[in-house]
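Reader: Hi! I'm in my first year and still learning to look at proteins. Could you take me through one part slowly, and then show me what lies around that part?

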Amino acid sequence: MVVLLLFAPYQWWRRQLLLLLTLFSLRMIASFHLPYNIIHRSIHRQAAAIASSLSLQKSSSSFTGWINSDTLNLKQTTTQHKRTKSVDFIHDDTDTQIKYPSPSSVERLLIRDRLVFLKRDDCLHLPGSNISGNKARKFLSLNNLPVDEFPDAIVSYGGPQSNAMVALAAIVSSKNAELRDYDRGSNGAPFDLQNNDMFWELDVLDDEIQLRRKYGEQDRNVASIANSNSSLKETKDAPQKRFIYYTKPLPRYLRKNPNGNLLRALALGMELRTLPHDEYTRLFGGLHGGSSLAPADLDPPLPGKSLWVPQGGACDIAKPGSDVLANEIIDYWELHGKGKPLACCLPGGTCTTALLLQRSLNVIMDQRRKQKKEAMDIRVVVIPCVGDDEYAMRQMLSLDKSVGGAGRKEDLPWILKPRDVGRRRSSGYFTFGQPSKVLLETYDEMNSENVSLDLLYGAPAWSLLLQHWQSRESDCPIAGRQLMYVHSGGLEGVASQLTRYKHKNLLPDDRTVQTS
């Protein structure tokens, strides 16, 4: 049997069974020749080795070398959330930055004669990294990890202008700043990128590059410009956390003229790894856009100390932040909803926040029923901005199973579908990242309502929402309900997005590119 197992397919349980059988055989043989205490110690050492192997399988896979996020103390980092009073949700200055653990504010707006509750996650900023919006929810637990518990390397992949990319770069950079503070013997006060004006400096860096191009001056190397920023300098011997990011080959324009999120992430210390299209697809492709697990043949840069974060943060790292968001929505609607049904709408890329928010709300509302509290009717509606409704469904089913769900469609958020199918490609959905006159019109209309949107997620989401604005159809997920829109942020990239619209001749030459 032992011989057969040796030639069996290489699986973890077979290896453990083989080890146990070997130990049993050795014990039987040794019992005839060795004193009892020697046998006893040997068996205990081998048992300890097996236990250690089992523990390693949970914390850092002995096969892959990647950290298992379940072993990170993520949940405890978000226990600061407190139940809030109604006044905590209202701010006179709607653009005031809000620091976690305070909840993001909710504005009441009248848009096309319909009341909208706008949850301003775009104004919510995390301490340390200062990231905001949807990524502040997704990466809340990772951001709040103490620096001594933070992985030595974060590895992810995706597009070269990804919001998740620059958010992870900011988190890792803030941890390095903490390490430098500790190395210099600081008083232990937490480092905050906002207080050090890092993002302001990055915007100045971007502006400097754009001005050089405007007046025909030769660009300085991106890395040398970033290194000239005092807040970005690294001491030679300082401990260093790393962020490694895989993407497809950069377009020639972006390669020669780095801008937007790519420039910011590089300036924050990101290590960019470009792969040929076929290699990228082989490693990270798939029917549902890739797995939550690291590719089997992608080695961690630091075995046992590297954390894999799939594209857009589509993994259980995002669960604690979704729990906090769900509690904020429940608290607000309990105070202001007057018992009315609510449709909570979010734009979706990987649809991670929508799926995890629905799961969190389901748990809370189930607890309320058991406690015989007043029932609440809140549904999550995701608006696909990457791909179509079928892609969104595959993404959410895959993620639901990976975080312990049953993968049942009835447990997932509602998916908003286009009404006027046929006007655009992709079954009526907008092609992600493709400039569109319709999106620009929505962008301008919402700006006139004092709602600033980005053109990748916000404008497509609202373009689809407005198609259903007065719908009373039974299959419309927002019909007959109050509407809350969770603003996902991403406004940092608006300038570079509008530049693309200019290149496509969708913006007049005399129009100034503004971010709001």
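Author: Let's start with helix 12 (residues 319-336) and helix 13, whose axes come within 8 Å and cross at roughly 55°. An axis here is a line fitted to C-alpha atoms, for helices over the stretch in contact, and angles run from 0 to 180 degrees between N-to-C directions. Helices are DSSP runs of H or I with at least four residues, strands are runs of E with at least two, and both are numbered from the N terminus. Helix 12 and helix 13 are therefore oblique to each other; under 35 degrees counts as roughly parallel, over 145 as roughly antiparallel, 65 to 115 as roughly perpendicular, and the rest as oblique. Their crossing is right-handed, that is, the near helix is turned clockwise from the far one by less than a right angle, while anticlockwise would be left-handed.

One thing to keep in mind: this is a predicted model, where local features need pLDDT of at least 70 and side-chain atom pairs count only at pLDDT 80 or more, while totals for chains, interfaces and linings use all residues. Residues are numbered from 1 along each chain as its sequence is written, and side-chain values use heavy atoms, with hydrogens and water left out.

So who touches whom? On helix 12, the contact (heavy atoms within 4.5 Å) includes Leu-325, Ala-326, Ile-329 and Ile-330. Across from them, helix 13 brings in residues including Leu-356, Leu-357, Leu-361 and Ile-364. By class, the contact of helix 12 with helix 13 has 9 nonpolar, 4 polar and 4 charged residues. Ala, Val, Leu, Ile, Met, Phe, Trp, Tyr, Cys and Pro count as nonpolar, Asp, Glu, Lys and Arg as charged, and the others, Gly among them, as polar.

Now follow helix 13 (residues 352-370) to another partner, helix 14 (residues 389-402): their axes come within 10 Å and cross at roughly 50°. That makes helix 13 and helix 14 oblique to each other, and this crossing is right-handed. Helix 13 uses Thr-352, Leu-355, Leu-356 and Arg-359 here, and helix 14 answers with Met-396, Leu-399 and Asp-400. You've met Leu-356 already, in the contact with helix 12. The contact of helix 13 with helix 14 holds 4 nonpolar, 1 polar and 2 charged residues.

For another angle, try helix 15 (residues 437-448) and helix 16 (residues 458-467), which pack at about 85° with their axes 9 Å apart. Helix 15 and helix 16 are therefore roughly perpendicular to each other. Among the residues in contact are Leu-439 and Tyr-443 of helix 15 and Trp-462 and Leu-466 of helix 16. This contact counts 8 nonpolar, 2 polar and 1 charged residues.

There are strands to look at too. Strand 11 (residues 378-384) belongs to an open sheet of 6 strands with mixed pairing, in the order 3-4-13-10-11-12; two strands pair if DSSP finds at least two bridges between them. Strand 3 and strand 12 (414-415) are its edge strands, each pairing on one side only. Strand 11 and strand 12 pair in the parallel sense over 2 bridges, with Val-382 having Ile-415 of strand 12 as its bridge partner.
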